[in-house]
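Take a look at the chain below. The walk-through starts with its domains and ends with its hairpins.

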Amino acid sequence: MTDKLLEIHNLSKFFPIERGLLRRVVGHVRAVDNVTFAVPKGKTLGLVGESGSGKTTLGRCVLRALEPTGGEILFYQNDRVVDLAGLSRGEMRPYRKHIQMIFQDPYSSLDPRKTVFDIVSEPLRINKMASGKELEDRVRNVLELVGLGVKYMKRYPHAFSGGQRQRIGIARALSINPQLVVCDEAVSALDVSVQAQILNLLKDLQDQLGLTYLFIAHDLSVIEHISDEVAVMYVGKIVEQADTRTLFSMPKHPYTEALLSAIPRPDPDRPLTADNVVEGELPDPANPPKGCYFHPRCKYAQQICREQEPPLARVGDNHLSACHFANELELQGI
Ligand code: SF4
């Protein structure tokens with residue numbers, strides 16, 4: 001028996017760059033580049049990085065909303081393991097109900113012409129899992145589960161606040177009892193106080209239902225709050241991975257240290273996100289720098305960093321870092 005639910009091996013997603021009338025392929029955007037990780041059942045892996053680091057593309061590959069260029073997406077079910085990356089669209093259908101997504105924007109992700117009942121019951125109807133009275137009962141149950149009264153079932157999304165809409169989005173995702181939920185910036189569009197409510201709801205639901213989350217966010221405070229383990233992405237690659245406490249207190253990659261550096265002095269006018277704490281620009285994933293991709297922004301860079309790419313290597317118990325000097329630098333955590 002394994003306690004893993006999801007295991008990603010060497011997953012890549014490259015987008016071709018085409019030029020000219022004949023649409024000749026002149027290069028590739030390496031959005032996800034050889035990524036490997038596992039998510040145990042009932043746990044949360046947080047994926048953090050700046051916008052453009054590849055985390056959303058990775059989430060979409062796991063859902064097979066995007067076709068991976070290479071690698072394996074191993075999904076464990078009872079005593080079986082299936083490589084989702086190798087399945088055709090038809091073969092993928094039975095597994096779709098086990099993996100659902102909660103989207104970032106609770107305003108655009110809900111169809112304004114449909115009632116709450118229509119929206120939440122849609123996955124059940126599409127997957128032919130319930131009809132009639134049973135369908136109504138299941139929608140009632142899941143609305144109660146996410147803290148929305150059943151009296152709202154016949155209302156339209158415009159009648160709700162951002163937090164309530166995100167609860168509707170969560171109810172839709174959970175209506176068919178998924179095992180894995182990919183949360184893509186699920187609280188980023190919400191006010192801070194509402195973010196905390198939704199994060200607490202997601203944690204409660206995880207405890208009650210044994211859900212497993214792949215939680216994608218650029219906000220470090222959100223990642224710290226919800227994740228058991230954290231993977232830091234930079235230009236399509238994982239550069240550091242560890243359990244949340246270790247990664248936040250003893251980072252072993254200068255990029256992680258840079259991301260964490262603003263946490264002790266939060267400023268309400270400067271929200272704490274991965275997008276505003278690191279100097280310099282994220283490199284072009286179609287043309288990344290030679291050696292360590294982080295070297296043009298790294299204050300510890302040396303000659304070897306400009307020439308050789310550091311492998312993602314073990315630097316402690318369940319702790320990986322892709323830095324030539326991971327064991328020599330004394331990096332600041334929080
Ligand atoms: Fe910085 Fe060099 Fe480590 Fe890259 S390998 S993070 S450039 S010290």
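What follows covers the domain layout, the interface, and two strand pairs.

This is a predicted model. The protein chain splits into two parts, domain 1 and domain 2. Domain 1 comes in two segments, 4–98 and 178–321. Domain 2 spans 116–175. The domain centres, taken over C-alpha atoms, lie 29 Å apart.

Now turn to where the domains meet. On one side, 14 residues of domain 1 take part in the contact. On the other, 11 residues of domain 2 do. The size of an interface is often given as the accessible area lost when the parts come together. Here domain 1 and domain 2 bury about 1,000 Å² between them. Carbon and sulfur atoms account for 76% of that area. What do the polar interactions add? Between domain 1 and domain 2 there is 1 residue pair in polar contact, with both residues at pLDDT 80 or more. The salt bridge count between the two domains is 0.

Which element gives the most to the domain 1 side of this interface? Helix H6, residues 192–209, does, with 8 residues. By class, the side of domain 1 that touches domain 2 has 11 nonpolar residues, 2 polar and 1 charged.

Next, the hairpins. Strand E4 (residues 70–77) pairs with strand E5 (residues 80–83). The two run antiparallel, over 4 bridges. One of the bridge pairings puts Leu 74 opposite Asp 83 of E5. The hairpin of E4 and E5 has 2 residues between its strands. In this hairpin, Asn 78 takes a positive phi, near 50 degrees.

The other hairpin is built from E11 (residues 313–316) and E12 (residues 319–321). These strands are antiparallel, and 3 bridges join them. Arg 314 has Leu 320 of E12 as its bridge partner. Again, 2 residues sit between the strands. In the turn, Asn 318 has a positive phi of about 55 degrees.

Conventions. Residues numbered from 1 in each chain as written. Predicted model: local features only at pLDDT ≥ 70, side-chain atom pairs only at ≥ 80, totals over all residues. Heavy atoms only, no water. Domains from an automatic or database assignment. Contact = heavy atoms within 4.5 Å. Buried area = accessible area lost by both parts, 1.4 Å probe. Salt bridge = Lys/Arg side-chain N within 4 Å of Asp/Glu carboxyl O. Polar contact = N/O pair within 3.5 Å; in protein donor to acceptor, adjacent residues only side chain to side chain. Nonpolar A, V, L, I, M, F, W, Y, C, P; charged D, E, K, R; others polar. Pairing = 2+ DSSP bridges.
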